[in-house]
Amino acid sequence: MKKGLSFFRTIQARLTIIYVLLILVAMQLIGVYFVSSMKNSLTDNFTKDLKARAEMLSILTADKLGSETGTADEETAVESLRGMVNNLYINGAEIQVLDASGKIITTSVPSQNDYVGQRNTQTVVSRALQGISDNEEYIIADDNVRKKVVAKPVLSGDKVVGAIYIAADMKDLYATMSRINSVFLSGLLLALALTAVLCVILAHTITHPIKEMTRHATALAEGKFHRKMPEFGNDEIGQLSQAFNYMTGRLREALSQNEEEKEKLASILTNMSDGVVATDESGMVILMNTRAADMLGAEGPLPEGAPLDELLGLDHEQTGSLAEGNAQSALIHLSPMGGGDPNIVRVTFTPIHRREGGGISGTIAVLQDVTEQENLEESRREFVANVSHELRTPLTTIKSYVEALDDGALDDQQLAVRFVGVIRNETERMIRLVTDLLHLSRLDSKESSLRIQQTDISEMLEDVADRFSFQIRQKRIHINTIVHKEVAMAWLDRDQIDQVLGNLVSNALKYTPEGGTISLQAVKSEEGMLAVSVRDSGIGIPKKDIERIFERFYRVDKARSRNMGGTGLGLSIAREIVKAHGGSISLQSELNEGSLVTFTLPLLHQQGGSEG
């Protein structure tokens, strides 16, 4: 049922039905006009024939009815009239000859002889007896047969002497019309059948290309751009096929470019050092790159669909500004994946405005990890504060003693000498501080170039021990050096590494009590590098201070370190020198059990050379 109904909804069925209806209406109009014209023509001819016969009979009977004769002659005349009426035979018609009074003299139908001598009172007869020649009408006989009636006056001179009455049966005429209608109906049905066949063929020539286009359009919607539409000639449908193929090509190119742009955008988002998060107008995340997921600590699938304010931990004020499109940027703290200190992230918000109607359709949030920046900035501020503090103390001391000397202490020679000694010590301390700062500055700016040379490691360690021999003997500290054969020689900057070892041994001497031990050792590490360690049996360092021990100006015991003449930059300088050599430095310590400082250096020359 549905299939049949769907067929009638097709263009082919509609075209066929329209054409058939057009032919049917045209044929009906033509048929009505033709049949009506044919009927009128046949009726007119039939009537004219009847009138002609009545006219001829009225002329023939004029002499018979106009003569005044006796009874014998009248009978002869009646017989003569009967003979003329019988000779003038009309199929299915009754012919009557009437006298001047309207009485029937004779009739052509034997069954109507009983009416002879009776008057015919029909209107057409009355009109004919009055001399009116054009008299006709239609009557329905007792057997329901339609008849045509014609009456003509019979004139003798100017005198009406009788009338001719003809009532003709029209069955043959209507039979002829019925046959004509049958022929016309047969022709109409044949024409409709041929029209339907031709319409189906014609509609197929139109609907077939449309069906092909529909199939290709469906394939196109499914992404099959390689299929090409066949071109159906140079008519409008052919031009449509050409335009369809052109559209397919352009669409294929546009989608290819779109895919390339999407891949570029995806690649850019994936490889960006900044995180990018996009939201819809309701603030729900719709896009997030990998870097943003790492910053936000997302595990597994990206949290798309989550509210941005909850994801970033924004407060109510920031959330309101974000919804209104007024938020510019904010600093937030995010915990990294795997734990650890929170990262400082700067989030910059950019609203996406609609092209039409205004309003905000979403927000782009760019996440920049500024932890290092903020740490550097904090280190810079701390560094400036430490330098200012370290310089202020000796300068304050020098100023105080200078003012004391100026106030009269200069006259007391013993007191003046002691004050000058204090000023000298503080000045030397400032010189050491400035020297260390300049050294650090050169290391930071890579201005201090390394003078790499082949160095005897054992000799270098012995020289360092000899340099501090006085302090070692003074505190009765036992020192020993151990150098493995496989690291007897190495390529390094002897002066710089001497400074590193000097700082490490100096610190070990400061914090090792009398009678303690210091060990210098050089071995080959598992990574194939030179590993030099300085171990002492001193007071050690608390665990909370180990991570910050290499920071500039950091002291475990600030008052004690300052009294011992330290600047708080020795370990920082050592770390920078080791890093410049391509190595690393670390410290292990237990409180009241001693410390172990180890730094590693490449064994081979940076250019690939190796001697010894």
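This is a short conversation about two sheets and one aspartate in a predicted model.

Visitor: Where should I start with the sheets, and what holds strands together in general?

Guide: Strands of a sheet pair through backbone hydrogen bonds, in either a parallel or an antiparallel way. Here, one open sheet has five strands in the order 12-14-15-17-16, and its pairing is mixed.

Visitor: Which are the edge strands of that sheet?

Guide: Look for strands that pair on one side only: these are strand 12 (478-483) and strand 16 (584-590). On average, neighbouring strands in this sheet are turned by 10 degrees against each other, ignoring direction.

Visitor: How many bridges join strand 16 to strand 17?

Guide: Seven, and strand 16 runs antiparallel to strand 17 (residues 594-601). To see one pair of residues, find S584, which stands opposite T600 in strand 17. Helix 17 (residues 570-580) also packs on the sheet there, touching strand 16 and strand 17. The direction of helix 17 makes about 140 degrees with that of strand 16.

Visitor: Which strands does helix 14 lie across?

Guide: Helix 14 (residues 494-511) lies across strand 14 (517-524), strand 15 and strand 17. With strand 17, helix 14 makes an angle of about 175 degrees.

Visitor: Now the aspartate. Is D536 buried or exposed?

Guide: D536, in strand 15 (residues 530-536), is buried. For a charged residue like this, a good habit is to look for a salt bridge, which needs the charged atoms within 4 Å. D536 has none: R535, the nearest side chain of opposite charge, is 8.5 Å away.

Visitor: Which backbone atom does the side chain of D536 reach?

Guide: The backbone nitrogen of G538, at 2.9 Å. Leaving aside residues up to four places away in sequence, D536 touches A508, T512, T517, I518, E593, G594 and S595. You can place some of these: A508 falls within the residues of helix 14, and T517 within those of strand 14.

Visitor: What is the strand order in the other sheet?

Guide: That open sheet also has five strands, ordered 7-6-10-9-8, with antiparallel pairing. Strand 7 (285-288) and strand 8 (329-334) each have a single partner strand, so one side of each lacks a neighbour in the sheet. The twist from one strand to the next averages 25 degrees.

Visitor: What is the bridge partner of T279 in strand 10?

Guide: T363 is the partner. Six bridges join strand 6 (residues 275-280) to strand 10 (residues 360-369), and the two run antiparallel.

Technical notes
Residues are numbered from 1 along each chain as its sequence is written. This is a predicted model: local features need pLDDT of at least 70, side-chain atom pairs count only at pLDDT 80 or more; totals for chains, interfaces and linings use all residues. Side-chain values use heavy atoms; hydrogens and water are left out. Helices (H or I, at least four residues) and strands (E, at least two) are DSSP runs, numbered from the N terminus. Buried means under 20% relative accessible area, exposed over 50%, partly exposed in between (1.4 Å probe, protein chains only). Lys and Arg count as positive and Asp and Glu as negative; His and the chain ends are not counted. A polar contact is a pair of N or O atoms within 3.5 Å; within protein, one must be able to donate a hydrogen and the other to accept it, and residues adjacent in sequence count only if both atoms are side-chain atoms. Contact means heavy atoms within 4.5 Å. Two strands pair if DSSP finds at least two bridges between them. Axes are lines fitted to C-alpha atoms, for helices over the stretch in contact, and angles run from 0 to 180 degrees between N-to-C directions.
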